[in-house]
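Q: I'd like to zoom in on one part of this protein and get a proper tour of it. Could you go slowly, since I'm new to this?

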Amino acid sequence: MNNLKKNVLIGFNIHPLWLSGTDLESFLSPLRDNGLRSLEFEVDSNLPGWEQFEPLMESCSDIGMEICFHAPYRPHYSLYDFCGIRRDEICNINKPLWSLADSWGVRNNFRTEIVVHGATLHQSHPDSSTFRSQEESQGKVTKEKLREDTKGFITWALETFPNLTIALENLDVTKPGVIKFGQRREDVLSLVTEIDHPRLGICWDMGHDIRHGVTEDPSKEWLEHVVHVHVHDIDNNGEDHFPLVFNKVPNEHWIQLLMDAGMEGTITLELKGGNLINWELERINYALAQSIKTINEVIT
Ligand SMILES: [Zn+2]
């Protein structure tokens with residue numbers, strides 16, 4: 001039973017802002033004491049403070065942490081129309097960031113996972129807006145097209161970045177004007193099984209399921225395809241990506257199902273620091289350590 005433990009790491013989605021007013025070792029020390037072993041970095045060169053990301057990866061690695069990734073997903077990087085005229089553009093803007101992640105695939109001791117979102121159409125975004133409005137007015141933008149774009153991109157990425165394991169995420173509910181592929185479990189699972197590659201699986205975002213009102217346990221097939229997990233809690237206003245203090249998401253029960261199914265991969269506590277701006281520092285630190293501890297108690 002215990003040999004499963006080494007195949008599952010607990011991660012945290014770090015950002016340089018978490019270190020304002022402290023230093024890396026002081027921040028990580030209570031989390032590592034509770035079982036934290038990996039740090040997940042969003043790679044998006046448009047993020048504020050991007051120049052601090054790579055040095056932070058190095059510092060984390062220097063103290064023995066594994067590094068994993070969240071692929072760029074904001075509107076500039078959308079995979080929309082990968083199977084149309086945007087293919088080269090999408091390859092070019094994603095390549096440097098994915099190459100950075102791929103280089104860690106050689107350096108890490110653990111398999112290097114990268115989470116990817118399905119193709120998303122942001123109807124208000126200015127890029128290619130004329131093209132988009134033509135298509136939309138002709139009613140061509142369907143989930144089927146977004147599925148094909150997602151499939152095309154993942155197939156390209158699997159070939160181009162041999163040191164990465166790709167995890168396709170079940171996505172959150174959309175804002176008006178946004179169409180996404182991959183909000184339903186069945187859509188994510190069917191694409192992953194269709195591509196059927198040893199370095200492709202599911203990123204199960206448990207909180208997103210609850211935001212969609214999906215509370216039932218997933219199928220055995222789903223559990224067997226999960227290679228990465230995002231856990232977080234939902235507050236009393238329905239906002240997600242909080243520490244595990246509200247008990248709105250059955251994270252522990254679902255992680256246990258994954259352990260019983262023999263999952264290997266990283267379970268990342270995925271928080272939005274901006275959600276906690278009104279919390280006292282002590283409360284934040286306590287909630288973070290407790291959240292890591294909660295996950296660790298299930299996997300050990
Ligand atoms: Zn997520």
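To start, how many helices and how many strands does the secondary structure of the protein come to? After that, please take a close look at strand β10 (residues 265-269).

A: Sure! A heads-up: this is a predicted model, where local features need pLDDT of at least 70, side-chain atom pairs count only at pLDDT 80 or more, and totals for chains, interfaces and linings use all residues. Residues are numbered from 1 along each chain as its sequence is written.

The count is 10 helices and 10 strands. Here, helices (H or I, at least four residues) and strands (E, at least two) are DSSP runs, numbered from the N terminus.

Now for β10. 5 of the 5 residues in this strand are buried, so β10 is largely enclosed by the rest of the structure. "Buried" means that 20 or more other C-beta atoms lie within 10 Å of the residue's own (exposed is 12 or fewer, partly exposed is in between, and C-beta atoms are placed from the backbone). Across the protein, buried residues make up 39% of the 300 residues.

Who sits beside β10? Strands count as paired if DSSP finds at least two bridges between them. Strand β1 (residues 8-13) runs parallel to β10, joined to it by 5 bridges, and there Gly 11 stands opposite Thr 268. Strand β9 (residues 226-231) also pairs with β10 in the parallel sense, over 4 bridges. In that pairing, Val 231 faces Leu 269 of β10.

β9 and β10 also share a helix: with α9 (residues 251-260), they make a right-handed β-α-β unit. Right-handed means that, with the strands pointing away from you, the path from the first strand over the helix to the second runs clockwise.

Step back and you'll see where β10 belongs: a closed barrel of 8 strands, β1-β2-β3-β4-β6-β8-β9-β10, with parallel pairing. Neighbouring strands of this sheet are turned by 30° against each other on average, direction ignored. For that, axes are lines fitted to C-alpha atoms (for helices, over the stretch in contact), and angles run from 0 to 180 degrees between N-to-C directions.

Elsewhere in the barrel, strand β3 (residues 66-70) runs parallel to strand β4 (residues 113-116), with 2 bridges between them. His 70 stands opposite Val 115 of β4 in that pairing.

Last, the overall outline: the C-alpha atoms fill a box of roughly 55 × 40 × 40 Å, taken along the principal axes.
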